[in-house]
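Trainee: I should like to understand how the descriptive terms for this model are justified. May we go through them one by one?
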Amino acid sequence: RKSVVRITTGSQALDELLGGGIETLSITEAFGEFRSGKTQLAHTLCVSTQLPLSMRGGNGKVAYIDTEGTFRPDRIVPIAERFGLDAGAVLDNIIYARAYTYEHQYNLLLGLAAKMSEEPFRLLIVDSVIALFRVDFTGRGELAERQQKLAQMLSRLTKIAEEFNVAVYMTNQVIADPGGGVFISDPKKPAGGHVLAHAATIRLMFRKGKGEQRICKVFDAPNLPENEAVFQITPGGISD
Ligand code: ATP
Ligand code: MG
């Protein structure tokens with residue numbers, strides 16, 4: 001039987017909101033406006049996942065699927081230093097791939113499953129999970145097909161989380177265009193409709209505060225109080 005591992009976000013307040021950190025065996029989704037910290041949290045988790053369990057890490061490797069080209073290896077260096085880890089070793093333990101189409105993204109997941117059966121991974125990042133679907137299926141007439149393919153990919157993510165005791169951290173977009181259509185009717189809503197809403201174990205909504213301050217709220221969790229946590233983006237990653 002696999003037991004849940006909780007991986008620190010770097011912020012005590014955010015960890016407390018999450019019940020100790022982001023969890024393996026489940027999917028954590030973060031959505032929110034641009035620059036709200038979704039990718040910065042991904043960078044911090046790349047490092048904290050490699051910490052020993054005694055330091056609230058996951059003692060494992062990281063897989064990073066990047067659809068937006070926003071992963072910055074040089075950003076990992078000061079974060080590793082903050083946590084007292086060797087930056088070179090940390091970078092060696094991040095398996096990185098850039099995805100260019102939704103099919104490519106799906107195929108990368110298939111390839112990762114093979115890797116994960118050979119080496120101990122504890123985190124899979126998909127940043128962002130939906131961007132390519134929104135590019136590859138543009139017309140309103142394609143929405144049903146898009147949602148079907150999206151569901152297929154999300155079920156792979158669930159399977160990976162459960163089979164390899166991995167935490168999946170995926171980012172999502174909010175809809176900026178308030179034009180017509182079921183999924184773009186409310187500018188504050190996360191993209192992906194019901195399909196994405198049901199895949200995530202926990203949904204986090206990020207927004208900007210003053211300066212480098214950010215606010216995270218648990219979104220739409222019937223069993224949890226809708227608490228908020230305030231955190232900061234620092235050169236050493238996410239922190240209080
Ligand atoms: P998008 O929707 O555009 O992908 P995002 O939610 O992923 O946005 P991030 O890229 O995580 O946003 O956040 C970017 C913000 O993080 C920057 O605007 C800046 O405020 C902050 N930031 C980035 N690097 C550093 C750093 N080295 N030190 C402090 N703050 C930083
Ligand atoms: Mg980003």
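Mentor: Certainly. Two strands pair if DSSP finds at least two bridges between them. The model is a predicted one, and in it an open sheet of 9 strands follows the order β5-β4-β6-β7-β3-β8-β9-β10-β11, with mixed pairing.

Trainee: What makes β5 and β11 stand at the edges?

Mentor: Each of them, β5 (94–98) and β11 (237–239), has a single partner strand, so one side of each is left without a neighbour in the sheet. On average, neighbouring strands of this sheet are turned by 25° against each other, direction ignored.

Trainee: How do you know that β4 and β5 pair?

Mentor: The criterion is at least two bridges. Strand β4 (residues 61–66) and β5 are joined over 5 bridges, in the parallel sense, and therefore they count as paired. As one example, D66 has R98 in β5 as its bridge partner.

Trainee: Why is α2 called oblique to α3?

Mentor: The axes of helix α2 (residues 38–48) and helix α3 (residues 73–82) cross at roughly 55° and come within 9 Å. Angles under 35 degrees count as roughly parallel and those of 65 to 115 as roughly perpendicular; the crossing falls in neither range, which makes α2 oblique to α3. The crossing is right-handed.

Trainee: Which residues of α2 and α3 meet?

Mentor: From α2, H43, T44, C46 and V47 meet R75, I76, I79 and A80 of α3. The residues of this contact divide into 5 nonpolar, 2 polar and 1 charged.

Trainee: Across which strands does helix α7 lie?

Mentor: Helix α7 (residues 143–163) lies across β3 (27–32), β6 (121–127) and β7 (167–172), and runs at about 155° to β7. Angles over 145 degrees count as roughly antiparallel, so α7 is roughly antiparallel to β7.

Methods. Residues numbered from 1 in each chain as written. Chains lettered and ligands numbered in written order. Predicted model: local features only at pLDDT ≥ 70, side-chain atom pairs only at ≥ 80, totals over all residues. Helix = DSSP H or I, 4+ residues; strand = E, 2+ residues; numbered from the N terminus. Axes fitted to C-alpha atoms, helices over the stretch in contact; angles between N-to-C directions. Contact = placed C-beta atoms within 7 Å. Left-handed = near helix turned anticlockwise from the far one by under 90°. Nonpolar A, V, L, I, M, F, W, Y, C, P; charged D, E, K, R; others polar.
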